[in-house]
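Welcome, and thanks for taking a look at this structure. Below is a short guided tour to read alongside the sequence and the 3D view.

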Amino acid sequence: MSRIADLIRPDIAELEPYTPIVPLDVLAARLGLPVERIIKLDANENPYGPAPRALAALAAEPHYAIYPDPEHSRLRQALSAYTGQPVERIVCGSGADEVIDLLLRLFLQPGDAVIDCPPTFGMYAFDTAVCAGRVVEVPRRADFALDVPAIEQAAAATGAKLLFLTSPNNPSGNLTPPEEIERLLQLPLLVVVDEAYIEFAESPGPTGNGQTGVSSWVGRYENLVVLRTFSKWAGLAGLRVGYGLMPEELAAHLWKIKQPYNVNLAAQVAALASLADLDYLRANVARIVAGREQLLAELQTLPFLQVYPSHANFILCRVREGNAGDLKQALEREGILVRYYRKPGLRDCIRISVGTPEQNDRLLQALKR
Ligand SMILES: *Cc1c(COP(=O)(O)O)cnc(C)c1O
């Protein structure tokens with residue numbers, strides 16, 4: 001090994017490289033298909049795209065040569081109306097992913113423990129490793145429910161500083177019951193509830209805003225953070241904008257460590273305009289939810305799949321006959337991309353994002369073949 005590589009942090013030098021996703025045009029070329037023929041159901045993106053007002057605002061924004069507002073003031077004001085939380089409790093990031101990273105940087109010293117409940121979203125373990133933390137796994141039960149007593153034992157045994165819960169969980173689609181979250185909030189650690197998919201799980205509150213899930217509990221508990229994103233329900237995955245709701249005191253410390261221009265101007269402009277186009281976006285969410293229920297019913301008629309119910313914009317299926325990897329490959333040859341897992345607890349599983357009715361039909365036809 002070269003001398004300079006010897007200077008790299010040993011824990012990072014030993015990390016497994018992250019497998020990046022293949023860009024759509026590269027994949028299309030590999031499959032010999034035009035890009036428009038590809039049906040991308042592998043990353044829970046919104047098949048209807050951004051709101052028209054977001055696209056118009058992006059085109060009309062005159063200040064791209066100027067650095068963006070480091071305090072995201074207008075966006076946070078709009079998010080305050082959307083979530084019912086005061087602006088002091090809102091921190092925006094370059095995707096919810098960045099807020100995960102910032103929280104871990106704020107709390108972890110080398111070797112500190114973080115409780116992760118797999119199978120779940122991979123970024124909690126990834127960012128914990130990058131921050132030199134120690135991942136303590138408390139696997140979910142066979143039905144993907146949390147093992148609450150085991151989490152409590154792990155917290156006591158390791159002195160973990162953070163616990164990540166995902167509701168609805170990715171990739172299993174199940175919600176965490178509020179009573180379980182309430183019980184886990186009694187632990188002496190930070191509970192991060194990732195609600196990236198909450199807009200697909202419940203009907204909007206009486207005021208027609210984003211006051212769903214456990215967001216209204218933020219501020220009542222000193223150890224609760226709720227994560228949200230514009231990537232899924234608002235169709236802005238490519239622009240990278242998400243946010244965390246957290247007690248003022250915690251937010252004040254996060255402000256000290258975040259990069260000043262972490263949320264770029266295009267992302268701020270598009271997110272703000274999306275919050276002014278809620279009727280449009282909600283109609284698409286309703287279409288996706290209706291598509292999910294229909295797809296679920298159709299998938300259940302296929303004898304080679306075990307289908308899990310979902311409160312999000314994707315459906316997890318266990319391949320009962322044959323091999324999930326082969327099924328993924330066969331779909332890919334027809335230009336249909338789904339997510340395939342090799343991890344414990346997810347062996348033989350594929351995750352299908354809900355597409356437009358036409359895309360869902362093409363998927364079903366391909367599966368029947
Ligand atoms: C997609 C996803 C995110 C990432 O959101 P970004 O805002 O795109 O970074 C966070 N949490 C879960 C559970 C997700 O599935």
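In this predicted model, strands S9 and S10 run antiparallel and are joined by three bridges. Together S9 and S10 make a hairpin, with six residues between them. If you would like a spot to start from, find valine 307, whose bridge partner in S10 is cysteine 317.

Strand S10 also has a partnership with strand S12 (residues 349–353): five bridges join the two, and they run antiparallel. Here phenylalanine 314 stands opposite serine 353 in S12. How much of S10 is buried? Strand S10 covers residues 314–319 and is mostly covered, with five of its six residues buried.

Next comes another sheet. Seven strands form this open sheet, in the order S2-S8-S7-S6-S5-S3-S4, with mixed pairing. Strand S2 (90–93) and strand S4 (134–137) are its edge strands, each pairing on one side only. From one strand to the next, the twist averages 25 degrees. As general background, strands of a sheet pair through backbone hydrogen bonds, either parallel or antiparallel.

Within this sheet, strand S6 (residues 190–194) and strand S7 (residues 224–229) run parallel and are joined by four bridges. Valine 192 has valine 225 as its bridge partner in S7. Helix H10 (residues 248–257) lies across S2, S6 and S7, and runs at about 35 degrees to S2.

Valine 226 is a good residue to pause on, and its place is in strand S7. Is valine 226 buried or exposed? With a relative accessible area of 0%, valine 226 is buried. Leaving aside neighbours within four places in sequence, its contacts include Val193, Val214, Tyr243 and Leu245.

Now for a pair of helices. The axes of helix H12 (residues 278–300) and helix H14 (residues 357–368) come within 11 Å and cross at roughly 10 degrees. Because that angle is under 35 degrees, H12 is roughly parallel to H14. On the H12 side the contact is made by Gly291, Leu295, Glu298 and Leu299, and on the H14 side by Asn360, Leu363, Leu364, Leu367 and Lys368. These contact residues divide into five nonpolar, two polar and two charged.

Leucine 302 sits in the loop between H12 and strand S9 (305–307). Leucine 302 counts as buried, at 6% relative accessibility. Apart from neighbours within four places in sequence, leucine 302 is in contact with Leu367 and Lys368.

Two residue pairs let you set separation in sequence beside distance in space, taken from C-alpha to C-alpha.

| Pair | Apart in sequence | Apart in space |
|---|---|---|
| Valine 226 and isoleucine 90 | 136 residues | 9.8 Å |
| Leucine 302 and aspartate 6 | 296 residues | 54 Å |

Last, the cysteines. How many disulfides does the structure hold? The structure holds zero disulfides. As a general reminder, a disulfide is a covalent bond between the sulfur atoms of two cysteines. Why does cysteine 131 have no such bond? The closest cysteine sulfur, in cysteine 117, is 18 Å from the sulfur of cysteine 131, which is too far for a bond. Cysteine 131 counts as buried, at 14% relative accessibility. Cysteine 92 is buried too, with a relative accessible area of 0%.

Notes:
Residues are numbered from 1 along each chain as its sequence is written. This is a predicted model: local features need pLDDT of at least 70, side-chain atom pairs count only at pLDDT 80 or more; totals for chains, interfaces and linings use all residues. Side-chain values use heavy atoms; hydrogens and water are left out. Axes are lines fitted to C-alpha atoms, for helices over the stretch in contact, and angles run from 0 to 180 degrees between N-to-C directions. Angles under 35 degrees count as roughly parallel, over 145 as roughly antiparallel, 65 to 115 as roughly perpendicular and the rest as oblique. Contact means heavy atoms within 4.5 Å. Ala, Val, Leu, Ile, Met, Phe, Trp, Tyr, Cys and Pro count as nonpolar, Asp, Glu, Lys and Arg as charged, and the others, Gly among them, as polar. A disulfide is a pair of cysteine sulfur atoms within 2.5 Å. Buried means under 20% relative accessible area, exposed over 50%, partly exposed in between (1.4 Å probe, protein chains only). Two strands pair if DSSP finds at least two bridges between them.
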